[in-house]
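This report covers a contact between two chains and one helix of a chain. The structure is shown first.

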Amino acid sequence: MPSAKSKHWSDDVFREMKSRNISTVCTIPDGGLTRLLEMVGEDASMRLVTLSTEEEGMGVVTGQWIGGNRAMIAMQSSGVGNCINALGLPGAFKAPCLMLVTMRGQWGEFNPWQNAMGGAVQSTLEAVGVKCFPVDKAEEVGETFAAAADMAFNGKLSAAVLVSQRIIGAKGFGQK
Amino acid sequence: MSKASQKRAATSNKIDRRSFVSDLFKHRGNAIVATGLGSPTWDSFAAGDAVENLYSWGGMGLSVSTALGLALAQPSRRVLAMTGDGEMMMGIGSLGVVADQAPENLAILVLDNEHFSETGKQRGLSSGRADLCAIARGFGITQTMFVTEHGQVGDLADFLFKQKGPLFAVAKIAISEDPWSLPEKDGAIIAHRVRTALGVVKG
């Protein structure tokens, strides 16, 4: 874990992952996940599974749980749209499905193509039975993730932590 | 593209799926079999119910990624993803994920009748130019096997259950009308049976 850098919400999430034996992270990366994915990639006891599309993560985490491992998915808000039907799989198997979603199209977004899913993430996830944990303060991401993880793994349910773009910051593409 | 060039005679599709799967499973040992929704699930149940069968009734496109998660969690156990051509096409990118993770215990078998047999036998993409073994190799799964005869079932079993993975095979099966063979459909029960068989939970 990079301790020389200033404290970051990713460090808190990583600590909560380790304390819960979450050892596999499936991802389509997002800029807001860079630091967390680096920490996972550098930890020899963890596995990073790079997907071709986010819904594969529902399959991998379900298989992991059936096989006795704890896994999660980390993705951008736009990727949530790819997962809606796939969320029926962990739901049907009653397998825990923990998601960490970094939001785009929500707070000061520069790219309007992100806005459709940015505005629909929580309502679409809730429509298919996923418990959502939105968080908009950096210092609360760790405890929010911990609460979502515990409910997912203890209750065998799908839970999503939605990390606000207010925390991540809007990508400016060098323009305003 | 002309209608005629879209239509390619499926001359190689003659294997009877039920007897083929049944004969294949005689060699499965304690392998976990994760099926794709529809006919492969019915085929696996028709071959004999087993606690190592992870039946699926949905989640189209996710059979390979589910089997991948299982294989990575249980590296000492052979895991077979057995699915249809339409289900494989929907999750085709997952072959890239399999190649990247490279689990030695994972095998994939596509029962390819080139049609969507559950929904009215509409023509599928593997009936034209899509070559699933070539696609798998293109993603980086170097070991592939293409089966057109029932008599190859022993060689296929050796390939899927004994070779070092990841492995990918296609069996060209006939379009058929088989009697319904429907296993348990409560996913919580199905998953619990497999977890018990694996010793992840106590029965």
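Two residues count as in contact here if their C-beta atoms, placed from the backbone, lie within 7 Å. In this predicted model, the contact between chain A and chain B takes 28 residues from each of the two chains. On the side of chain A that touches chain B, strand 2 (47-50), helix 3 and helix 5 (88-93) of chain A each supply at least two residues. Helix 3 of chain A gives the largest share, nine residues.

Helix 3 (residues 56-66) of chain A packs against helix 4 (residues 63-73) of chain B at an angle of about 35°, and their axes are 6 Å apart. The crossing of these two helices is right-handed. Among the residues that meet are A:Gly59, A:Val60 and A:Gly63 in helix 3 of chain A, and B:Ala67, B:Leu70 and B:Ala73 in helix 4 of chain B.

The residue classes are as follows.

| Set | Nonpolar | Polar | Charged |
|---|---|---|---|
| Contact of helix 3 of chain A with helix 4 of chain B | eight residues | seven residues | one residue |
| Side of chain A that touches chain B | 12 residues | 12 residues | four residues |

Helix 8 (residues 141-155) of chain A has 15 residues and reaches 21 Å from its first C-alpha to its last, close to the 21 Å expected. Its buried residues are A:Val141, A:Gly142, A:Thr144, A:Phe145, A:Ala148, A:Ala149 and A:Ala152. These lie on the same side of helix 8 of chain A because they cover an arc of only 160° around the axis. A:Asn154 and A:Gly155, on the other side, are exposed. The cover over the buried residues includes helix 1 (9-19), strand 1 (22-27) and strand 4 (97-102) of chain A. A:Lys156 follows helix 8 of chain A and has a positive phi, near 50°.

Notes
Residues are numbered from 1 along each chain as its sequence is written. Chains are lettered from A and ligands numbered from 1 in the order in which they are written. This is a predicted model: local features need pLDDT of at least 70, side-chain atom pairs count only at pLDDT 80 or more; totals for chains, interfaces and linings use all residues. Axes are lines fitted to C-alpha atoms, for helices over the stretch in contact, and angles run from 0 to 180 degrees between N-to-C directions. Helices (H or I, at least four residues) and strands (E, at least two) are DSSP runs, numbered from the N terminus. A crossing is left-handed if the near helix is turned anticlockwise from the far one by less than a right angle, and right-handed if clockwise. Ala, Val, Leu, Ile, Met, Phe, Trp, Tyr, Cys and Pro count as nonpolar, Asp, Glu, Lys and Arg as charged, and the others, Gly among them, as polar. The expected span of a helix is 1.5 Å times one less than its number of residues. A residue is buried if 20 or more other C-beta atoms lie within 10 Å of its own, exposed if 12 or fewer, and partly exposed in between; C-beta atoms are placed from the backbone. The arc is that of the directions from the helix axis to the C-beta atoms.
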